[in-house]
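Trainee: Could we go through this one together? I'd like to see how each label is earned.

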Amino acid sequence: MTGKIFDFKLVFTQIPDLLKYLPVTMELAIASTVFGMLLGLLIAIIKIKKVKVLDKLATFYVSLVRGTPVLVQLYIAYFGVPMLLKYINQQTGSDLKVAAIPGFVYAVLALGFNQSAFDAEVFRAALLSVDKGQHEAAAAIGMTGWQSLRRIIIPEALSVALPSLGNSFINAIKGTSLAFTCAVVEMTAEGKILSGRNYRYFEVYVSLAIIYWAITILFEKILKFVEKKISVPEQVEQIRPEELESLRNQKSRAYAAKKNHNGLGGELAWQKNRGLS
Amino acid sequence: MAEKQRFVIKDLKKKFNNNIVLDGIDLTINEGDVLGVIGPSGTGKSTLLRCINQLEVPESGSIEIGESQIDLSNAKKSNLKNVTQLRQRTGMVFQRFNLFQKKTALENVMEGLITVQKKSKDEARKIALKELDRVGMTQWANHYPKHLSGGQQQRVAIARVLAMKPDLILMDEPTSALDPELVGEVLETIKQLAEEGHTMILVSHEMAFIRKVATRCIFLDHGKIVEDGTPKEVFTAPTQERTRDFLKKMSLLEEPDYVI
C-alpha cells in the first residue's frame, strides 16, 4: 500500500484482471436478452391478438415485473425457486437436484424475465406501428397469417423496435452487475473480490465504470451500423440495361455471389435464410 | 382457363354495427367482363370487393367460382382452404397501393410467387420481371416503395397482382390516392389489362374512364344495385331517379382532360 488517497495507475492496471470476467458478463447479458426478447415477443403477440385468459395473465405479469426492482427479482429467483423445487421434491417424492443448478441459471432467468416485460411493450408498439395495409396486401395475395407475420410484418416491426431493443440490451449488460446476488462471479463481483485484497474499493469501481462505459459505446456503434444495414437505403440507382440483362439470366447462386451493390440486398438475405443460394 | 369462368355472387349482406352497407347483392361476372362500380361514398363499393376476397366477413352471401361454391359468411371458420383458394383466384389492387415497404419492387412481385405458389426463386424472378416489364417498371426493379411515386407504386402493385395470374382482379379505387398528374399512367395500365381480356371489377370515381373501358357498369346506392347495364346505358339513359341525381351531381356532361 502506497498510502496514496487515490491510486490512479491502479485504475488502469487492474482493468486486464477485470476483463478476464468480461465473457461471463457478456454470456449473462446475451442469454438473458435472447430469453427476454423471445418471451417479450410472445407476450406482445398474445396481447395484440387478445388471446383469452393469457392476455389478462400477460398484463398482470408485465405489471408485476415492471413494478419490482431487478435486485428483488434476482433474490426471489435465487432463494425462492430452490425452495419451491425442494418443496416439490418433498411433496411428490421426486428427485430434482436443486443444489446442482448453477447460480448462472437463476441470474439469466431473473434478468431475462425482467427484460421480457420491457421488450413486450417495445414489440407491441412496433407491431402495431406496421400499417394495416401491409397485412391486407399479404392476405390478399393468399399468404397465411404466419407467413405474413414472418416475412412482412416482423421485418418491418423490427426496424421500428431495434433502437429500443438495443437500449434494452445495453441495460441488460449493466444489469448483469447485480448477478453476484446469485453467486455468479462476473466483472463487478470480481472487482469486489480484487478490492477486498487491497482495500482499493474506489479505484476498482472507477475501473469498472470505464469498462462498462466502453462496452456500451461499442454496442451503440454496432447498433447504429445494424440499424443502417436493415433500413431501406435512402436512394437506389436505376438499373443499367446490362445489369438488367444479367438479372434476367441470373441463377440464384451466381446472383447471391454478386453481393448487393445494386440494391437488391433484401433478396439475397432471403436466399441465405431459405437455403436457396 | 379452358372454359369460360363465371363468378356468381349471391345475397351478399354486410353491416358494420347497425349500419347496413351491403343489402343483398346478387351479381354475376362473366369471364372477360370489366365491371365498373360507381356510386356515392359510403355505399359499400369497396366493401363489396373486400367481402369477395374475405378481407371483410359478411353476414351472409356466397360466391360460386366455376364448380366450387364458397360461403363467404363463415369460410374463415369452416374452411380456411376456401379462403386461401379464393384469395389465390382473386387479386386486389388497393387505393393506397400497400406495397411491402421493406421489399424492392422486384421482391414485392416475387413474394406471392414464392410463398404462396411455391415457385423457385429463379422462376419467380423471371415472372416478376416480365410483369414489371408489362407495366413499364423494369428499370425500377431494385427500388423500394419509398423511392417511387404514387403512380409507379400502383403500377408495381398491379404487376404484383398480375404475377399471381388471378381469374378476377379487384380494383379498389386505384387512382384515388394519386396526384392528378399521375392518374393517367395508372389508367393507361388498367386500360391495357382490360384490352388483354382480364376479368375485373373496377371501383372508381373516374367516371369517364369507366365509361370508356368497362364492358358493364353498376350503380350502387345504399347497399343495393340500383342500375345495371352497359356503361352507355347507365351514363346516358339511366332508368332510375337516383342514378340520374348522382350523375348530375358528378356533372358528367363535361369530360376531364386526362381521359385516354
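What follows is a talk about the contacts, salt bridges, cysteines and exposure in this predicted model.

Trainee: Let's start where the chains meet. How many residues of chain A are in contact with chain B?

Mentor: There are 43 residues of chain A in contact with 40 residues of chain B. Together the two chains bury about 3,700 Å², and 57% of that is on carbon and sulfur atoms.

Trainee: Why give an area at all?

Mentor: The size of an interface is often given as the accessible area lost when the parts come together.

Trainee: How many residue pairs are in polar contact across the interface of chain A and chain B?

Mentor: The rule finds 14 such pairs, both residues at pLDDT 80 or more. On the chain A side, α7 (132–140), α8 (145–175), α11 (241–248), α12 (252–257) and α13 (265–273) each supply at least two residues. The largest share, seven residues, comes from α7(A). By residue type, the side of chain A that touches chain B divides into 19 nonpolar, 14 polar and 10 charged.

Trainee: Now the salt bridges. What makes Arg151(A) and Glu111(B) a salt bridge?

Mentor: The closest N and O atoms are 2.6 Å apart. The cut-off is 4 Å between a side-chain nitrogen of Lys or Arg and a carboxyl oxygen of Asp or Glu, so the pair qualifies. This pair crosses between chains, from helix α4 (residues 105–115) of chain B to helix α8 of chain A. Both Glu111(B) and Arg151(A) are buried.

Trainee: How many salt bridges are there between chain A and chain B, and how many over all chains?

Mentor: The count between chain A and chain B is three, and the structure holds 28 over all chains.

Trainee: What about Asp122(B) and Arg125(B): where do they lie?

Mentor: Both lie in helix α5 (residues 121–134) of chain B, three residues apart, about one turn of the helix. Their side chains meet at 3.3 Å, N to O, and that is within the 4 Å limit, so the pair is called a salt bridge.

Trainee: Why is Asp122(B) called partly exposed, and is Arg125(B) buried or exposed?

Mentor: Asp122(B) has a relative accessible area of 25%; partly exposed runs between 20% and 50%, so the label fits. Arg125(B) has 1%, which is under 20%, so Arg125(B) counts as buried. Elsewhere, salt bridges that share partners join Lys132(A), Glu136(A), Arg50(B) and Glu56(B) into one network.

Trainee: And why is Arg240(A) called partly exposed?

Mentor: Arg240(A) is at 43% relative accessibility, and because that sits between 20% and 50%, partly exposed is the right term. The side chains of Arg240(A) and Glu242(A) meet in a salt bridge at 3.2 Å, N to O.

Trainee: On to the cysteines. How do you know that Cys217(B) is in no disulfide?

Mentor: The nearest cysteine sulfur, that of Cys51(B), is 20 Å away. A disulfide needs the two sulfur atoms within 2.5 Å, so this pair fails. Over all chains, the structure holds zero disulfides.

Trainee: Why do Cys182(A) and Cys217(B) count as buried?

Mentor: Cys182(A) is at 0% relative accessibility, and Cys217(B) is at 0% too. Buried means under 20%, so both get the label.

Trainee: Last one: where does Gly197(B) lie, and why is Gly197(B) called partly exposed?

Mentor: Gly197(B) lies in the loop between α7 (180–195) and β8 (200–203) of chain B. With 38% relative accessibility, Gly197(B) falls between 20% and 50%, so partly exposed it is.

Methods
Residues are numbered from 1 along each chain as its sequence is written. Chains are lettered from A and ligands numbered from 1 in the order in which they are written. This is a predicted model: local features need pLDDT of at least 70, side-chain atom pairs count only at pLDDT 80 or more; totals for chains, interfaces and linings use all residues. Side-chain values use heavy atoms; hydrogens and water are left out. Contact means heavy atoms within 4.5 Å. Buried area is the accessible area (1.4 Å probe) that two parts lose on being put together, summed over both. A polar contact is a pair of N or O atoms within 3.5 Å; within protein, one must be able to donate a hydrogen and the other to accept it, and residues adjacent in sequence count only if both atoms are side-chain atoms. Helices (H or I, at least four residues) and strands (E, at least two) are DSSP runs, numbered from the N terminus. Ala, Val, Leu, Ile, Met, Phe, Trp, Tyr, Cys and Pro count as nonpolar, Asp, Glu, Lys and Arg as charged, and the others, Gly among them, as polar. Buried means under 20% relative accessible area, exposed over 50%, partly exposed in between (1.4 Å probe, protein chains only).
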